[in-house]
Amino acid sequence: MPDTLQERSGAQVLVCDPSGPPVTTEQDALDLISATYFGGDTVAVPAQRLDERFFTLETGLAGAIMQKFTSYGVRLAIIGDITPHLAASSALRALVRESNRARHVWFLPDLDALDERLQASR
């Protein structure tokens, strides 16, 4: 299934295919952001599409990608189980906790949780 723009809980969400191309660079993030220019306000990226460096905060990849989404005013939802990454990094746990308190980047277990967050943010 290709990445598709879907209406979810009143928001236009680009739901990314789990088997799609990996997100390994800032340019990959910009490509996803540009795909929302036809009406999307949120991108739901399966965690498995993110390069492993994303979850190692010292690389700076997570910060760079998250900043791109924030700068362009597009919400980023990282969807899936990241438990192994969280177990390995207290810094990542703190980032996830703080991100989930805000409005621009969320780490969620599944699309149902995204629907709930979108509904609550309206």
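A residue counts as exposed when its relative accessible area is over 50%, as buried when that area is under 20%, and as partly exposed in between. Keep those cut-offs at hand for this tour of a predicted model.

**Stop 1: Ala88**

Select Ala88 to begin. Its relative accessible area is 69%, so Ala88 is exposed. Ala88 belongs to helix H3, which covers residues 83-88. Now add Phe55 to your selection: Ala88 and Phe55 are 33 residues apart along the chain, and 9.5 Å separates their C-alpha atoms.

**Stop 2: Ser89**

Move on to Ser89, in the loop between H3 and helix H4 (90-101). Is Ser89 buried or exposed? Ser89 has a relative accessibility of 16%, so it counts as buried. Show the side chain of Ser89 and the backbone of Ala91 together. A polar atom of the Ser89 side chain lies 3.4 Å from the backbone nitrogen of Ala91.

**Stop 3: the whole protein**

Zoom out and switch to a cartoon view. How many helices and strands are there in the protein? You should find five helices and five strands. Followed along the sequence, they give the pattern β-β-α-β-α-β-α-α-β-α.

Next, display the C-alpha trace and turn it around. Along its principal axes, the trace spans about 35 × 30 × 25 Å. A compact globule of 122 residues would have a radius of gyration near 14 Å, and the 13 Å of this protein agrees with that.

Try colouring by accessibility as well. Of the 122 residues, 41% are buried. The protein exposes about 6,300 Å², and carbon and sulfur atoms supply 53% of that area. Among contacts with a separation of 6 or more, 66% are between residues 24 or more positions apart. For one last overall view, colour the charges: the mean position of the 11 positive charges and that of the 16 negative charges are 7 Å apart.

**Stop 4: Gln27**

Zoom back in on Gln27, which has its place in helix H1 (residues 26-34). With a relative accessible area of 45%, Gln27 is partly exposed. Select Lys68 too and compare sequence with space. Gln27 and Lys68 are 41 residues apart in sequence, while 9.4 Å lies between their C-alpha atoms.

**Stop 5: helix H5**

Select residues 111-121 to highlight helix H5, where you will also find Glu116. Just before the helix, look at Asp110, which caps the N-terminal end of H5. One of its side-chain oxygens lies 3.2 Å from the backbone nitrogen of Asp112.

Which residues of H5 are buried? They are Ala113, Leu114, Asp115 and Leu118. To see what covers them, show the strands: the cover includes S1 (4-8), S2 (11-15), S3 (42-46), S4 (75-79) and S5 (105-108).

Glu116 has a relative accessibility of 58%, so it counts as exposed.

**Stop 6: Ser9**

From Glu116, jump to Ser9. These two residues are 107 residues apart along the chain, and their C-alpha atoms are separated by 7.7 Å. Where is Ser9 found? Ser9 is in the loop between S1 and S2. At 22% relative accessibility, Ser9 counts as partly exposed. Before you leave, check the backbone angles: phi of Ser9 is near 50°, a positive value in a residue other than glycine.

Terms used:
Residues numbered from 1 in each chain as written. Predicted model: local features only at pLDDT ≥ 70, side-chain atom pairs only at ≥ 80, totals over all residues. Heavy atoms only, no water. Helix = DSSP H or I, 4+ residues; strand = E, 2+ residues; numbered from the N terminus. Buried < 20%, exposed > 50% of the residue type's maximum accessible area, 1.4 Å probe, protein only. Polar contact = N/O pair within 3.5 Å; in protein donor to acceptor, adjacent residues only side chain to side chain. Rg over C-alpha atoms; globule rule 2.2 N^0.38 Å. Contact = heavy atoms within 4.5 Å. Areas by Shrake-Rupley, 256 points an atom, 1.4 Å probe, with all protein chains shown as cover. Lys, Arg positive; Asp, Glu negative; His and termini not counted. Charge placed at Lys NZ, Arg CZ, Asp CG, Glu CD.
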